[in-house]
Amino acid sequence: MISEIIYGLIQSLSIENILVMTLAITAGVVVGTLPGLSATMGVALLVPLTFGMNPATGLLALGALYTGAMFGGANSAILINTPGTPAAVATTFDGYPLTLKGQADRALITALIASVVGGIVGALALIFLASPLANFALGFGPAENFWLAIFGLTIIGSLAGKSILKGLIGGSFGLLLALIGMDPATGYPRFTFGSYSLIEGITLLPAMIGFFSIPQVLNMMERNDKYIATYKERKGVYKNTIIETIKKPVVLIRSSIIGTIIGMLPGAGGNVAGFVAYNESKRFSKTPQEFGKGNIDGVATSESANNATVSSSLIPLLTLGIPGSPVAAVLLGGLLIHGLTPGSKLFVESSGIAYTFIMGLLMANLILLFIGLLGTRLFVKAISIPVHYLAPIIAVLAVIGSYSIRNSLLDVFVMIACGIVGYFSIKCDILPGPIVLGLVLGIIAENGFVQASFVSQTGTSMLQIFFTSPICIILIILTGLSLITPIFMNYLEKRTKQQTENLQVAATLIKEGEDGYGKEQS
């Protein structure tokens with residue numbers, strides 16, 4: 001295995017492969033930055049261009065574009081509060097507030113370093129732990145996926161903002177949106193209002209673009225400011241931010257491990273990994289009240305988690321032949337086109353190509369570091385574009401991105417409808433994060449529950465399916481802890497605030513008493 005790894009590293013460092021990966025990463029960053037042009041779409045468009053390449057170079061181009069696109073989603077999430085990819089939703093929670101504080105460059109650099117660290121951790125897991133992690137992923141059946149989704153829904157308390165109740169209202173609305181479409185149990189349409197186009201349900205990307213970009217455009221027009229935020233380049237910000245980010249190894253490694261584990265589970269992906277890692281960082285933080293207001297740890301957490309899923313989502317694909325994400329499904333087509341059969345035979349019959357691809361993913365993250373550092377100076381200039389130019393640009397990109405997903409005008413109407421709902425919900429302090437979370441996890445939870453209920457018809461009781469598996473038990477415990485933590489933290493915060501107010505009142509009374517006593521003596 002060591003000799004194969006060394007061979008793969010040498011092959012991935014050839015001039016041809018380095019050049020191809022550099023171009024692919026650059027294209028991926030652009031694709032990820034533009035709302036609606038997802039990593040899946042970018043990789044799918046690149047597949048035909050790899051026909052004339054040798055298999056290893058073609059796969060490296062696909063993997064490099066995937067890596068670049070995952071990071072690129074953070075750029076628009078931070079600068080204009082519109083995630084370029086679904087995986088970057090959690091990045092908006094603290095990234096955009098940092099932009100409003102004039103620290104856009106700091107947020108972008110942190111996102112870059114965290115993305116590189118997450119990508120390296122995921123790649124190392126793919127290199128050394130592929131087999132045991134693939135076996136672990138096989139342990140996730142419908143019941144485990146159901147409890148994973150339920151655990152994810154408990155994160156709503158962390159995303160709720162000032163009011164947990166309003167967060168629950170937003171999450172419930174997202175769950176209702178997830179019910180639109182065909183019932184997975186009976187096959188009958190639900191809440192489609194007679195429209196056959198809605199039978200497939202609400203597509204995530206148009207809804208996400210609507211909830212984040214349209215309210216942003218309307219807010220720009222409403223405030224009538226010249227720029228989104230003031231920005232002045234500060235001396236030494238790149239060096240200081242890199243050092244600051246590196247000094248957070250616990251946050252980066254913990255989030256990367258969470259992303260690695262969740263990324264290899266079919267149906268989860270970078271968006272779920274970002275949400276879960278964000279919740280755990282907030283739980284372990286000494287200043288959880290600062291999350292959502294521009295805490296740099298929130299950006300580092302989200303980006304390290306979602307970029308770790310790039311390599312880990314390929315673990316079940318390369319070892320078992322099972323794609324763990326939409327991008328992995330497209331890569332499966334790329335493997336088959338080049339005459340490669342994923343699974344155990346891939347590492348026997350085509351080990352050189354397999355390890356060149358895997359080591360190339362590791363090197364792609366190092367290339368991303370240099371491209372990102374050069375590009376950050378350009379990306380940050382976006383907030384210097386006057387609002388009366390930027391707002392229509394975002395609106396046009398939102399329409400084009402929504403339409404390009406399925407070439408359907410329905411997706412454009414869904415995006416506009418979600419945008420209007422998102423605008424008024426923000427006015428009511430119901431943030432878009434819990435709504436999108438409910439939409440994403442509602443589908444996973446329902447499919448897991450329905451499939452598990454079908455399994456129970458074979459003779460196994462529902463109780464055994466949902467409550468006896470070790471993974472289910474662990475997820476149930478984590479769900480309980482996640483439910484209790486926000487309530488306990490709110491209680492502690494209110495108690496600390498009350499104690500502070502009492503001390504201030506007592507200090508005031510003591511001072512007034514001392515002043516009165518001094519006057520009597522005089």
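A nonpolar core is a set of buried Ala, Val, Leu, Ile, Met, Phe, Trp, Tyr and Cys residues joined through side-chain atoms within 4.5 Å. The views below come from a predicted model.

**View 1. The largest nonpolar core, with Phe211 and Leu441.** This core has 57 residues. Phe211 and Leu441 touch the most other members. Helix H22, residues 432–456, supplies the largest share of the core, nine residues. Leaving aside residues up to four places away in sequence, Leu441 touches Ala149, Gly152, Leu153 and Val272. Another core, of 52 residues, lies apart from the largest one. Its members include Ala64, Val116, Val327 and Leu368.

**View 2. Helix H4 and its two ends.** H4 runs over residues 55–80. At 1.5 Å a residue, its 26 residues should span 38 Å. The end C-alpha atoms are 38 Å apart, so the expected span and the model agree. H4 is mostly covered, with 25 of its 26 residues buried. Asn54 caps the N-terminal end of H4. There, a side-chain oxygen of Asn54 lies 3.2 Å from the backbone nitrogen of Ala56. Just after H4 comes Asn81, with a positive phi of about 60°.

**View 3. Ser255 in helix H13.** H13 covers residues 249–263. The relative accessible area of Ser255 is 1%. Buried means under 20%, so Ser255 counts as buried. Its contacts, not counting residues up to four places away in sequence, are Ala277, Ser281, Thr301, Ser304 and Ala305.

**View 4. The largest cavity and its lining.** The structure holds one cavity of 30 Å³ or more. About 30 Å³ of space lies in the largest cavity. Leu59, Leu318, Leu335 and Leu340 are among the residues that line this cavity. Leu346, Ile353, Ala354 and Phe357 also belong to the lining. Helix H19, residues 351–379, gives the largest share of that lining, three residues.

**View 5. The second largest pocket.** About 990 Å³ of space lies in this pocket. Its lining is made up of 43 residues. Of these, Pro86, Leu204, Leu205, Asn271 and Pro326 lie nearest the centre of the pocket. Helix H22 gives the most to the lining, with six residues. View 1 shows H22 too, where the helix brings nine residues to the largest nonpolar core.

Terms used: Residues numbered from 1 in each chain as written. Predicted model: local features only at pLDDT ≥ 70, side-chain atom pairs only at ≥ 80, totals over all residues. Heavy atoms only, no water. Helix = DSSP H or I, 4+ residues; strand = E, 2+ residues; numbered from the N terminus. Expected span 1.5 Å × (residues − 1). Buried < 20%, exposed > 50% of the residue type's maximum accessible area, 1.4 Å probe, protein only. Polar contact = N/O pair within 3.5 Å; in protein donor to acceptor, adjacent residues only side chain to side chain. Contact = heavy atoms within 4.5 Å. 1 Å grid on protein atoms, 1.4 Å probe; cavity = no way out; pocket = protein on both sides within 12 Å on 5 of 7 lines; lining within 4 Å. Points joined across faces, edges and corners; volume = space filled by probe spheres on them.
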